[in-house]
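The following exercises concern cavities, packing and backbone geometry. Each task is followed by a solution worked in steps.

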Amino acid sequence: MNAFLSHFFVTGDPLIYASDVLIVLVSLGIIVTLTYLKKWKWLWREWLTTVDHKRIAIMYLIAAILMLFRGGADAELLRTQLAVPNNSFLTAEHYDQIFTTHGTIMILFMAMPMMFALFNAAVPLQIGARDVAFPYLNAISFWLFFFGCLLFNLSFVIGGSPDGGWTSYPPLTELGFSPGPGENYYILGILISGLGSTATGINFMATILKMRAPGMTLMKLPLFCWSVLSSSIIILFAFPALTVALALLLLDRTMGTDFFTILHGGNPMQFVNLFWVWGHPEVYIVVLPAFGVYSEVVSTFSRKTVFGYKSMVFSLLAITVIGYLTWAHHFFTMGAGASVNTFFAISTMCVGIPTGVKMFNWLFTMFRGRIQFKLPMLWTLAFIPAFAIAGATGIMLAAAPADYQFHNSQFLVAHFHMALIGGVVFGYVAGMYYWWPKLFGFSLDERLGRWAFWLWQIGFYGCFGPQFALGFMGMTRRMYTYPANMGWNTLNLVSTCGAYLMGVAFLFIGAQIVYSILKGKRDVTGDPWDGRTLEWSIPSPPPLYNFAVIPTVQARDEWWRRKQSGEAAQRAAFPAEASLQPIHMPRNSSIPFLVGLSFFVGGFGTVFHWYGMSIVGGVGILLCLLARSLQENVDYYVPVDEIKRTEIHLREGVTHGLHV
């Protein structure tokens, strides 16, 4: 029994023991709090079984913030190990595990849910819809993400974390070199959450293409919705490649196949190609919605229509296409040949052209605008120099001969983080601040937010600026320690101090959220930023059905048009009774939660080769599908009387806000 427990639970590391204690204490605190406040039924009824896109957005957002903390804690540990030469703070094995989980969490379990939070928060409201096209599928997508993320994070304390890098290349990740359960956690956690991501892409494509309000043609679509549509198209074509690659690797590890085992006729380069056929488009999957956020924020806080709307749309679509033609630049050094390298070098440089178009359009939008330096705008402005550096260093990496020197160096690490943090995280934080009042009904505190912003900016450049120089000086990535005579000591110490400053900035964001929940300024107008699109035309937070009457759209910035024409003043007035009709809405369902739980049970069994548990999980999935197919009472109508009561209550607050 002791041997089993020592194999099953991760032991021998004080950091793991401390984490075990914290996990137990936090779990007990949540259970005791819910029990004391008698909130278990409320939790089940209002959240675990919800199909409302706004509540799903909030759950995605909470998960993303928690994963930003987890992935950020990993980063702090990595930088602590590299702060000084010959450091023994982490063992080599633990270091490998941490850089693997850091990359995987930040890309797939932080950036993706933050992106989906913004999708759910804004898209239905911007297009004048009452929900997404498939609310039930939306709930399934969230719970697949949640339980896939939970399965991956269990590896931290049960069985052991993966240590093959976030790219998980074979043969390192085949059984011969990674015999433990860590790699199985990686594969199954990503497979389960990836199914949810694919479904979300399909859902939002259908929502944008089929559920727009009357009069909203595609060329009147808000630019954020265009960015979501572009990202969803990439999801639809890129994620299946990752699913196939991981499924084949799982078969190699569990069923004895040899897809990637080179001694038995397999080819590891098949995995590398499949991974990056997803991996580089994944960069555009997460950065395009950030571009959409920047477009909304720049227009709103410059008080101007976006400059060059059509060119912005075409540049988004151009990136969607060109992004599929660049994946091989991740392995210029693997001997594909000069002609192949030349093609992918040129395509990589070409993808910068539409990105540059957008950059200049944002600058022209701000030109002679009455700019308001609120938190969303500050993060948007910070994106411009960071992404300019990322773009310039990306062109350097796109030159195949030069890449032979830069590849696998700290220069590449710095470039990647300049692009992903400067482009994606800055955009998502701007989007979080921008739509937070709409989701929650109150704004986040500006003073604490500015502290977080400036600490983050100083720490960001302090952390990754030195890494460009370290790359030129020959320091490679994935290096666990280094001798004192290499000349890297000072730059590594500065980089670590920068990482600590970003950690402090995150704590300020956490304090800002807590303070604002307790004492934040309530949004009684529904339009705290003097916005331009339809989500600002309804109260904050919106009612369950979003719009009592579906709006008719006449302009790209429809809400701005109404305010300028005087129509917005009628918002506080009650809708004409003749225009009110019962509203068709989906019922809450426990099945999406149970589907996710069944995938988790089956995945956990497969991790440890307990195939009886895997079968139980599979049977649970089939039973959920059967139960759904036999359900008849899956929707309902909100009666007109209830709509009246809700609108009267909401509009009392709007009227008060307008008077104030």
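**Exercise 1. Characterise the largest cavity by the classes of its lining residues, then by its volume and position.**

Solution. Sorted by class, the lining of the largest cavity comprises 6 nonpolar, 5 polar and 5 charged residues. The model under study is predicted. A search of the whole structure returns 6 cavities of 30 Å³ or more, and the largest of them has a volume of about 150 Å³. Its lining has 16 residues, of which L223, E296, S299, V306 and D557 are the closest to the centre. To place the cavity among the helices, one asks which element contributes most: helix α9 (residues 268–302) does, with 4 lining residues.

**Exercise 2. Determine the volume of the second largest cavity, and establish which residues and elements line it.**

Solution. The volume comes first: the second largest cavity holds about 100 Å³ of space. Its lining consists of I65, L68, M110, M114, V425, Y428, V429, M432, W456, F506 and I509. Two or more of the lining residues come from each of α4 (53–82), α5 (92–126), α15 (410–440) and α17 (489–519). Among the contributors, α15 gives the most, with 4 residues. The final step is the class count: 11 nonpolar residues, with no polar and no charged ones.

**Exercise 3. Identify the residues with the most contacts to other members in the largest nonpolar core, and describe the surroundings of one of them.**

Solution. The largest nonpolar core has 179 residues, and within it F426 and W456 touch the most other members. The largest share of this core comes from α15, which supplies 19 residues. For F426, residues up to four places away in sequence are set aside; the contacts are then Y294, W379, A382, F383, A386, I421, W456, Q457 and F460. A second, separate core has 11 residues, including L90, I98, M475 and W488. W456 also appears in the lining of the second largest cavity.

**Exercise 4. Is Q126 buried or exposed, and which residues does Q126 touch?**

Solution. Begin with its location: Q126 belongs to helix α5. Its relative accessible area is 1%, and since buried means under 20%, Q126 is buried. With residues up to four places away in sequence left out, Q126 touches M216, P222, F224, C225, E296, W435, T533, L534 and E535. One of these contacts, E296, is also among the residues closest to the centre of the largest cavity.

**Exercise 5. Compare the length of α19 with its expected span, assess its burial, and then examine α18.**

Solution. Helix α19 covers residues 591–607, which makes 17 residues. From first C-alpha to last it reaches 24 Å, close to the 24 Å expected at 1.5 Å a residue. As to burial, 13 of its 17 residues are buried, so α19 is largely enclosed by the rest of the structure. Just after this helix, H609 adopts a positive phi of about 60°.

In α18 (558–565), the residues E558, W559, W560, R561 and R562 are buried. G566 follows α18 and has a positive phi, near 90°.

**Exercise 6. Locate two cis peptide bonds and state where the second residue of each lies.**

Solution. The peptide bond from P170 to P171 is cis, and its omega is near 5°. P171 sits in the loop between α6 (135–154) and α7 (182–210). The bond from S540 to P541 is likewise cis, with omega near -15°. P541 is placed in the loop that joins α17 and α18.

**Exercise 7. For R303 and N408, give the phi angle, the loop and the exposure class.**

Solution. R303 is not a glycine, yet its phi is positive, about 55°. R303 occupies the loop between α9 and α10 (309–322). Its relative accessibility is 24%; because partly exposed covers the range between under 20% and over 50%, R303 falls in that class.

N408, which is not a glycine either, has a positive phi of about 65°. N408 lies in the loop between α14 (400–406) and α15. At 29% relative accessibility, N408 counts as partly exposed.

Technical notes
Residues numbered from 1 in each chain as written. Predicted model: local features only at pLDDT ≥ 70, side-chain atom pairs only at ≥ 80, totals over all residues. Heavy atoms only, no water. Expected span 1.5 Å × (residues − 1). Buried < 20%, exposed > 50% of the residue type's maximum accessible area, 1.4 Å probe, protein only. 1 Å grid on protein atoms, 1.4 Å probe; cavity = no way out; pocket = protein on both sides within 12 Å on 5 of 7 lines; lining within 4 Å. Points joined across faces, edges and corners; volume = space filled by probe spheres on them. Nonpolar A, V, L, I, M, F, W, Y, C, P; charged D, E, K, R; others polar. Core = buried A, V, L, I, M, F, W, Y, C linked by side-chain atoms within 4.5 Å. Contact = heavy atoms within 4.5 Å.
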